[in-house]
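Here's a predicted model to pick apart. Let's ask what earns each label it carries.

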Amino acid sequence: MSATTADQQPIETRLFIYGQFQPATDGKTFKLINPYTHEPVADVHEASEQDVDKAVAAAKAAFPAWRDLSPDDRGVHLKMGKPVSLYIEGKVAADAFAYYAEAGWHAQGPSSVNTPGLLSLSLRKPYGVVGAIIPWNMPLALLSFKVAPALAAGNTAVLKSSEKAPLTVSFSQSRLLQVSIHSDISSVTVSFAAKLIAEAGFPPGVVNIISGFGSPAGSAISSHMDPRAKKIQITAAESNMKVIHLELGGKTPAIIFEDADIEKAAEKTQFSIVFTSGQTCIANSRIYVQESVADKFIAVFKEKFGAAARIGNPPEPTTNHGPQADNIQYERVKSYLEVGKKDGKLTMGGDGGKGFIKPTIFENVPGDSQLMKEEVFGPVVAINTFKTEEEAIERANASEFGLYASVFTKDMDRAVRLSKLLEAGTVGVNCTSPTMVKDMPIGGYKQSGLGREGLLSGLDSYLETKTVLISSSS
């Protein structure tokens with residue numbers, strides 16, 4: 001353990017395998033850098049292929065006993081208490097675990113007597129070992145969306161955190177102290193969840209959490225022959241044709257019609273971009289506004305966009321806009337700023353220096369620009385205009401990503417039409433990201449992913465279906 005909180009409490013940085021914290025097999029560690037101070041935060045243990053093998057073996061050994069528990073007995077371990085609510089992820093994760101503590105009872109299939117002489121049953125069974133690889137921007141929430149339903153269904157799990165956010169928060173009395181800091185005060189990370197899992201009394205091996213890079217740790221998970229459900233595609237197909245679910249990137253369009261409430265549309269769309277400093281896959285980074293109200297909308301948007309960002313040190317309660325997650329991400333966003341300057345017109349913001357990107361607006365960017373086609377993952381928005389509804393739909397759909405889309409209009413007939421025609425897994429009407437509801441499916445079209453998450457949909461991702469035919473003849 002090589003990190004401490006502000007009150008000098010040690011923070012766990014080792015791997016969590018078979019119910020125990022342990023160092024990486026080869027002793028390798030990597031430095032986690034605070035993107036605000038640019039100083040080292042901790043030396044985090046880096047999982048090797050050997051460590052992945054150990055974690056998968058632990059999960060495989062724990063699976064039969066965990067599978068055979070009743071939903072109530074599995075649910076006891078999932079009923080984790082709510083962390084102090086100074087950040088949104090704590091409540092999101094606690095709510096997810098609380099729901100799935102009871103949801104195991106829904107692992108049921110239909111029966112049929114429609115074929116003469118046969119009683120037909122459909123059974124829902126856990127896969128076995130589930131491998132999950134999560135990104136860094138909402139780590140605790142994303143951990144809960146994957147691990148909680150997998151466990152409720154009767155699977156065991158091996159999860160790899162992102163190398164950008166492998167630690168977590170530790171608490172002192174009633175407040176939380178962030179030790180793995182990236183761009184937003186609400187962001188937390190993963191290793192502390194392992195402590196909670198240990199305290200909740202999960203049997204050893206049911207949940208295993210490792211830290212490391214895409215290679216070797218991530219690739220070892222995705223190519224391993226034992227996990228049956230996974231989050232990576234090519235190596236999954238090349239190993240054992242394991243089931244995969246992918247939540248990938250987005251390039252969310254927001255369409256503003258002339259009859260929309262311009263003030264509300266500007267408020268909601270600007271918040272979508274500044275939320276977590278633009279580092280979300282559902283940020284509406286493309287805005288299309290009808291020509292007749294373009295000047296008014298852009299003026300209001302700029303006023304709200306600039307005023308909303310309080311740039312500073314992420315742990316400070318007044319800060320809501322921090323630096324990009326690390327220097328790699330900072331340089332990546334800066335490269336898109338150069339693309340925007342070349343292809344369009346920079347009308348606000350830009351590089352803030354020292355890891356910060358200011359809330360940034362580009363206008364008149366052509367649809368074939370990289371800025372319009374690729375996910376920037378920063379507080380950068382392109383605003384263009386349109387004349388007709390048909391043009392707006394065509395331009396909004398001109399992307400290989402389809403995670404979220406939104407439309408702002410008072411015409412409900414138009415809203416229904418666009419809800420059907422926009423190619424996205426979620427469509428907001430007079431709202432936009434990060435607005436979500438817990439009981440609806442979450443997922444994407446096209447290159448934005450495969451499968452669906454969400455409370456009512458998540459369990460299905462971790463169950464396979466078996467048909468049993470019982471003949472009435474002897």
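Q: What makes a run of residues a helix or a strand here?
A: A helix is a DSSP run of H or I with at least four residues, a strand is a run of E with at least two, and the numbering starts from the N terminus. Among the elements that each supply at least two residues to the lining of the largest pocket are β16 (246–247) and α14 (455–458). β16 covers 246–247, so it just satisfies the strand rule of at least two residues. α14 spans 455–458, so it passes as a helix under the rule of at least four.

Q: Which helix gives the most to the lining of the largest pocket?
A: That's α3, with 6 residues. The other elements supplying at least two are α4, β16, α10 and α14. The pocket has a volume of about 1400 Å³. Of its 48 lining residues, the closest to the centre are N137, M138, L142, E247 and C281.

Q: How do you know that β17 and β23 are paired?
A: Count the bridges: 3 of them join β17 (residues 253–256) to β23 (residues 404–408), and the two strands run parallel. Pairing takes at least two bridges, so they qualify. For a concrete example, I256 has F408 in β23 as its bridge partner.

Q: Why is one side of β19 and of β24 left without a neighbour in the sheet?
A: The sheet is open and has 7 strands in the order β19-β20-β21-β18-β17-β23-β24, with mixed pairing. β19 (345–353) and β24 (426–429) stand at the edges with a single partner strand each, so one side of each has no neighbour in the sheet. From one strand to the next, the twist averages 15°.

Q: Which helices are in contact with that sheet's strands?
A: α8 (residues 262–274) packs on the sheet and touches β17, β18 (286–290), β20 (356–363), β21 (380–386) and β23. Its direction makes about 170° with that of β17. Then there's α10 (residues 327–343), which lies across β19, β20 and β21 and runs at about 25° to β20.

Q: Why is F257 called buried?
A: Its relative accessible area is 0%. The cut-off for buried is under 20%, so F257 is in. This residue sits in the loop between β17 and α8, and its contacts include I262, F386, E389, V407, F408 and R414, leaving aside residues up to four places away in sequence. F257 and R414 are 157 residues apart in sequence, yet their C-alpha atoms are 9.9 Å apart in space.

Q: What about E389, buried or exposed?
A: Buried: its relative accessibility is 13%, and the limit is under 20%, so the label holds. E389 is in helix α12 (residues 389–396). It touches F257, R414, R417 and L418, again skipping residues up to four places away in sequence.

Q: Why does K60 get called partly exposed?
A: K60 has a relative accessible area of 47%. Buried needs under 20% and exposed needs over 50%, so 47% falls in between. K60 belongs to helix α1 and touches V129, T156 and D226, not counting residues up to four places away in sequence. K60 and V129 are 69 residues apart in sequence and 5.9 Å apart in space, C-alpha to C-alpha.

Q: Which residues have the most contacts inside the largest nonpolar core?
A: L143, L151, F202, V207 and I209, in a core of 37 residues. Elements that give it two or more residues include α1 (49–67), α4 (139–152), β10 (156–160) and β13 (207–210), and α4 has the largest share with 9 residues. Another core, of 25 residues, lies apart from it, and F257, Y288, V339 and V407 are among its members.

Q: Which residues of β13 point one way and which the other?
A: V207 and I209 point one way, N208 and I210 the other, and all are buried.

Q: What makes β10 and β13 a pair?
A: They share 4 bridges in the parallel sense, and at least two are needed, so they count as paired. One of the matches is L159 with I209 in β13.

How values were computed
Residues numbered from 1 in each chain as written. Predicted model: local features only at pLDDT ≥ 70, side-chain atom pairs only at ≥ 80, totals over all residues. Heavy atoms only, no water. Axes fitted to C-alpha atoms, helices over the stretch in contact; angles between N-to-C directions. Contact = heavy atoms within 4.5 Å. Buried < 20%, exposed > 50% of the residue type's maximum accessible area, 1.4 Å probe, protein only. Core = buried A, V, L, I, M, F, W, Y, C linked by side-chain atoms within 4.5 Å. 1 Å grid on protein atoms, 1.4 Å probe; cavity = no way out; pocket = protein on both sides within 12 Å on 5 of 7 lines; lining within 4 Å. Points joined across faces, edges and corners; volume = space filled by probe spheres on them.
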